[in-house]
Amino acid sequence: MVSQSQKPLILFIGCSNRTGDNSNTVIAMRVAEKAVAISAKTETYFLKRKYPPKDKIEQATGIIFGMPVYFGHYPSLLGEFIDYLRKEKIELYPKVAGFISIGAKRNGGQETTILSAAWDIMELGAVVVNDGSPISQFGGVCVAGNKEDVLRDIEGLKTCEFLGKRVMETSLILQSGNLKEKIKIRKWDTEKLLKENKIERC
């Protein structure tokens, strides 16, 4: 069990114009949040309403973004937030990032939405993770069209649960290390290594 002072802070950031409790994105985010609540502190923000304060972003060890698919890409709300992070020079290393994406049908652009968002978030230094085994999708990948439809996508909600756990576990691993300590890299004398071990080209 992790003590309260050691608990990582995981931010949940909704990137949808729909922020009500019956929104599919919000429901999927709540499933992921429930999965981390025992071992992490959580806070939820909706980009349509307000951005998370800078100090909260700095304190956070993990961020989970929830978003609908827009023509196979992430929504403009997330794009504007990424631009804000760049403009304010907010470094996301060594924070762990994960993504939940909701599409109207199975393989309806969820994967490309997550990949495009992950690429831009990695450029800001975040460590991006997926939901891990046994499902191993790109993140939380759900199917829903109308409000609350996601409640019928049991398999998709499981990916959200596993994503939450993966973000939390990876946050704890990174938090336990000394990330300010410089890594020592041992240099190898390749030529000497080849001669001593009689390694030749095939």
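**Exercise 1. Classify the two partners R106 and D153, then say what their pairing joins.**

Step 1. R106 has a relative accessible area of 42%, so R106 is partly exposed. The scale runs as follows: buried is under 20% relative accessible area, exposed is over 50%, and partly exposed lies in between (1.4 Å probe, protein chains only).

Step 2. D153 has a relative accessible area of 7%, so D153 is buried.

Step 3. The two side chains meet in a salt bridge, at 2.8 Å from N to O. A salt bridge needs a side-chain nitrogen of Lys or Arg within 4 Å of a carboxyl oxygen of Asp or Glu.

Step 4. R106 lies in the loop between β4 (96-103) and α4, and D153 in the loop between β6 (140-143) and α5 (154-176), so the pair ties together parts that are 47 residues apart in sequence. Helices (H or I, at least four residues) and strands (E, at least two) are DSSP runs, numbered from the N terminus.

**Ground rules.** This is a predicted model: local features need pLDDT of at least 70, side-chain atom pairs count only at pLDDT 80 or more, and totals for chains, interfaces and linings use all residues. Residues are numbered from 1 along each chain as its sequence is written, and side-chain values use heavy atoms, without hydrogens and water.

**Exercise 2. Work out which parts D120 and R86 tie together.**

Step 1. Begin with the distance. The side chains of D120 and R86 form a salt bridge of 3.9 Å, N to O.

Step 2. Place the residues. D120 is in helix α4 (residues 110-122) and R86 in helix α3 (residues 76-87), so the bridge ties together parts that are 34 residues apart in sequence.

Step 3. Check the cover. D120 is buried at 15% relative accessible area. R86 is partly exposed at 36%.

Step 4. Widen the view. A network of salt bridges links D83, R86, D120 and E123.

**Exercise 3. Compare the cover of D149 and R152.**

Step 1. D149 forms a salt bridge with R152, with the closest N and O atoms 2.9 Å apart.

Step 2. D149 has 16% relative accessibility and counts as buried. R152 has 65% and counts as exposed.

**Exercise 4. Describe the whole protein.**

Step 1. Count the bridges: the structure holds nine salt bridges.

Step 2. Count the elements: there are six helices and six strands. Their order from the N terminus is β-α-β-α-β-α-β-α-β-β-α-α.

Step 3. Find the buried share: buried residues make up 47% of the 202 residues.
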